[in-house]
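Me: Could you take a close look at one part of this structure for me, and then show how the rest of the fold can be read in the same careful way? I am in my first year, so please go step by step.

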Amino acid sequence: MSKAFTRDENQGPEIPEVPPTASVLAPGAKNYITPDGAEKLRAELQQLVEVTRPELAEARDDPDAKRQLARVDQRIRQLEESLLSAQVVEPAAEPRNVVRFGAWVTVRGADGEETTYRIVGVDETDADNNWVSWMSPIARALLNQKLGERIRFKFPSGEDRLEIKEVRYE
C-alpha cells in the first residue's frame, strides 16, 4: 500500500465520524413551526452555508477545524431536513381566547405563582424562555383550553391546578 494512504501517528488525532442526529418527531408526525421560527432556521442555515462553512473549509489542514466542519455539516443537514418538512402555522385569527399553536399562555398555579409558556414547534423549543414543544405534556394539557379555565397538570414535583390567566398571539 502506498504511503499516501496511511496515517502517520504523529500527524494528529483521527477525525471521528459525527453520528447523525435522530429526529425528535415520530414517523409521520407533523413538523409544525411558527413563522418566526421558520425565519430563524432559514437565517441560521444561510449563516452556516455562506459564512461559517467556507471559513472552516479554508482551514482544512487544522484537525480542530475538520471536527468543527463535520459538526457544521451535520447542523446544515439537520436544518435542511427541518425546513423541508416544516409546516408553517400562522397565529390563530379567532377565537383569541383559546390556546392554539404559537400562543403565549400565562397560567397561575395553586400557590399563586404565574408562569408564561409559548407553544412552539419541536425545532423552536427553548427551556430557558419556557418555549415548549406542542408535543410536550404541558402544551398538550393547555391546547384548546380557554381563558379562565382550570386544568390539572402533573409536574415531576407533583400535581397542580393551573388557571389560564392570559392567552395572546404576537
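Reply: Leaving out residues up to four places away in sequence, Thr 106 touches Glu 114, Thr 115, Thr 116, Glu 163, Ile 164, Lys 165, Glu 166 and Arg 168, and please keep in mind that this is a predicted model. Thr 106 belongs to strand E3, which covers residues 104-108, and with a relative accessible area of 6% it counts as buried, because buried means under 20%. One of its neighbours deserves a second look, since the side chains of Thr 106 and Thr 116 are joined by a polar contact of 2.8 Å.

From this residue we can turn to the largest nonpolar core, which has 20 residues, and in which Val 99, Val 105, Val 107, Ile 119, Ile 138, Leu 142 and Ile 164 are those with the most contacts inside it. At least two residues of this core are supplied by each of E3, strand E4 (114-120), helix H3 (137-142), strand E6 (150-155) and strand E7 (158-168), while the largest share, 4 residues, comes from H3. Val 99 gives an example of the contacts involved: beyond its neighbours within four places in sequence, it is in contact with residues including Val 105, Ile 119, Leu 142, Ile 164 and Tyr 169.

Apart from that core lies another, of 11 residues, among them Leu 45, Leu 56, Leu 69 and Leu 79. Leu 45 is found in helix H1, and its relative accessibility of 16% makes it buried, because the limit is under 20%. Although Leu 45 and Ile 76 are 31 residues apart along the chain, their C-alpha atoms are separated by 6.2 Å; with residues up to four places away not counted, Leu 45 touches Ile 76, Leu 79, Glu 80 and Leu 83.

Ile 76 and Leu 79 lead us to helix H2, where both are buried, as are Ala 65, Leu 69, Val 72, Asp 73, Gln 74 and Ser 82. The cover over the buried residues of H2 includes strand E1 (31-33), helix H1 (35-58) and strand E2 (86-88). At the N-terminal end of H2, Asp 62 acts as a cap, with a side-chain oxygen 3.1 Å from the backbone nitrogen of Asp 64. The length of H2 can be checked as well: for its 23 residues (63-85), 1.5 Å a residue gives an expected span of 33 Å, and this agrees with the end C-alpha atoms, which are 33 Å apart.

Technical notes:
Residues numbered from 1 in each chain as written. Predicted model: local features only at pLDDT ≥ 70, side-chain atom pairs only at ≥ 80, totals over all residues. Heavy atoms only, no water. Buried < 20%, exposed > 50% of the residue type's maximum accessible area, 1.4 Å probe, protein only. Polar contact = N/O pair within 3.5 Å; in protein donor to acceptor, adjacent residues only side chain to side chain. Contact = heavy atoms within 4.5 Å. Expected span 1.5 Å × (residues − 1). Core = buried A, V, L, I, M, F, W, Y, C linked by side-chain atoms within 4.5 Å.
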